Amino acid sequence: MRQAVVLLTLVLAGTSVARTEPQLAAFVTDQNNDVYVALFDGKAVELAGCSSPGQAKRLLHLADTALVSEATLAKLQTENSFGTQPRLPCPGTAFNIDWPATTAIWADVEASGNYYLPSPSGPGYFAVPTACAEIKAALAIRERLQLPGVLQGFAAPPDVGTPFVLDCGRGDLGGPSDIAAASVARWSLHRFETFLSAESIGDTVYVVRYTPPGEGAQPSYLPIARLDGKATRDVIADVAAAEAAETKLRAFFGIAEAEGVTLLGADAVAALRSAPFVDLCLSNCDGYQREHAAFAQPGIDLGLSPLSAGLSITSLDPLGNTRLDWTFAEGRTLSFTGCPLLTSALGLSAPGIGDWMGETDRALTATPPPGTGFDCRGSASDTCVRRVNDGGTLTLAQFSSEGDCAGRTNLRLELPASVKTPQTLILKGLPFKTVHMAPAPGVARTRLVGTANRVPAGTSSCILSSTGVIIVADGLPRLELERIDLARAADQTTDEVVAVIAQNGAVALDDVTIGTVADGLSPMARGASLCLADLYARGLRVEADMLAIQGVRARLLISAQAPVRSTLVRARFGAVLTSDSLMRMDFTDIAAANPLVLRGAVVAGRSDGLAPTAAGLAVGSAIQLERGSSANFTTSTVSGFRCAVSFADSASSASFLLPGNDIAHDNTSRACGPGRFSLVE
């Protein structure tokens, strides 16, 4: 399974003592899961959450050629004190699993070149060399030092003694890497021993396993009973055929060649008996008839039963990702997000989404249960991963499709805790279907500080004059920002600055903040402007002087997960929507002088709040409607305005079902103007 790791020597910063790189080992649990372990001078430290040797090597900054030694839990406990040292978290695992966030830190960066943390289980200290960027990020050293009371000084603790050094190698981590992609979508190939019929004396089939990112995530399984017309139990019996099949499956699912094909244990039995045993066709599939099967009564039936076509529908998730839901048996459904090649190989298809507003409501309320979903986005086979290092800048060069990104359909940019853009990012004419920007593994959030250049009128139908912009996405099918604080650099001469302009594409904002005046940054005039574009935002916070959201023939889904809420604040206008725009709001608060202005638009909301920027004299209207607009809110609040709703024409309408406050009492008037107003409570 694993081989011995290569050893090199290094010189620690601030000391002349030669040290060896950590060794890497792995053992298999009773549940047939690999556990990766770093050996520091013979002492074992668990690398919590590492799902592949590539992840473990990146965390320890070991070269790709570094090998892994096979071990057992008993040997590691007896010879290497496994379990007595705190763990190092891999990407996707909480940074504070053993050291609480407020743990004291001594930053002796000039003398020894180490950060020191007290042992969580007794006397003594652990040292993290400043050169070990991945380990620092995994433990969130930078973020911890921002918390009050954490930094103890710029020298080693007086009783430091001989610390336990969590050292790293000096491997080359440059260039593309499938390791970071694995933190987005973790796929693996296995074999599973089962009984496919009552007459069987034992069958072995292939199983593809998908494990979502995040600690404790429940994996989903796709057992493959047939591959390209052949039963996989027969393929596996032929060594040459099995090798060819595994190569084909690895390539299709983006599984690295280095990943072994392991045998699944008893922990997967229940999930696999409830799953469909699929007939997967990867080549010469014209006219091919699939023969999917399943246990009709999982845990009772002794054999598989053929499946009918079942029911397939197309749906959305809250961030606008297209999802195909396959109900293969009563009460049993699998969901595939961003998996057109896989669903085609399964022979599944479904019509496109017709009623977008209706589907967004379903997206907010219907979530696939754990263990029944597959997410093919960002797999190593079609995604190019680039990382911006600490102190680097984000420029158009990182969005190039050349070099390591040639032939890739998706681009993922991993960012440090703070990064700057020296000029407007105009993302136009890119060959990528998706550009995803997110913090690098181990980084909690990224502050992206942009310097805006003026873009000329006509760049987008949203701007009528030369305007400063941080990011322009024109014709890009999908731009994704995750856990990013998008701010404007200070001391600019351009007065009006828009954070994001999107045209002819979609923007997905997951836990994103736009605009802030903290730390001497300049304010944004406008947050996001959409022209013939979609916005999908979850946990969004926009702070803008003039206009938070503008939509021209746009579709917007803004939501949050309670108790967190999305917020649009401090603006003169919260959202201005025109020309048949559609918007659904869920758990969203708008605090603006004019929260909603609808000019030929439709808005539906649930558990939302509309309020002025400051309490006081009731002026203005929470919702302004004209040109046949409509607004329908459920369990929402409106307070502090002269008119809760104002109409410019009789064709517009507004309704409130079970409002969360007394609209008549908390506003001077419930409705002003000739439109239709309905209040049901």
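Lys 136 is buried (under 20% relative accessible area, with exposed meaning over 50% and partly exposed in between, for a 1.4 Å probe and protein chains only) and yet has no salt bridge, a term reserved for a side-chain nitrogen of Lys or Arg within 4 Å of a carboxyl oxygen of Asp or Glu. The nearest side chain of opposite charge, that of Asp 390, is 5.6 Å away, where Lys and Arg count as positive, Asp and Glu as negative, and His and the chain ends are not counted. The model is predicted, with pLDDT of at least 70 required for local features and 80 or more for side-chain atom pairs, whereas totals for chains, interfaces and linings use all residues. Residues are numbered from 1 along each chain as its sequence is written, and side-chain values use heavy atoms, without hydrogens and water.

Lys 136 lies in helix α3, residues 133-138, helices being DSSP runs of H or I with at least four residues and strands runs of E with at least two, numbered from the N terminus. Beyond residues up to four places away in sequence, Lys 136 touches Tyr 115, Val 128, Pro 129, Thr 130 and Ile 141, contact meaning heavy atoms within 4.5 Å.

Tyr 115 and Thr 130 are also in contact with Val 109, as is Asn 114, when neighbours within four places in sequence are left aside. Val 109 is placed in the loop between β8 (105-108) and β9 (114-118), and it counts as partly exposed because its relative accessibility is 36%. Although Val 109 and Ala 156 are 47 residues apart in sequence, their C-alpha atoms are 9.0 Å apart in space.
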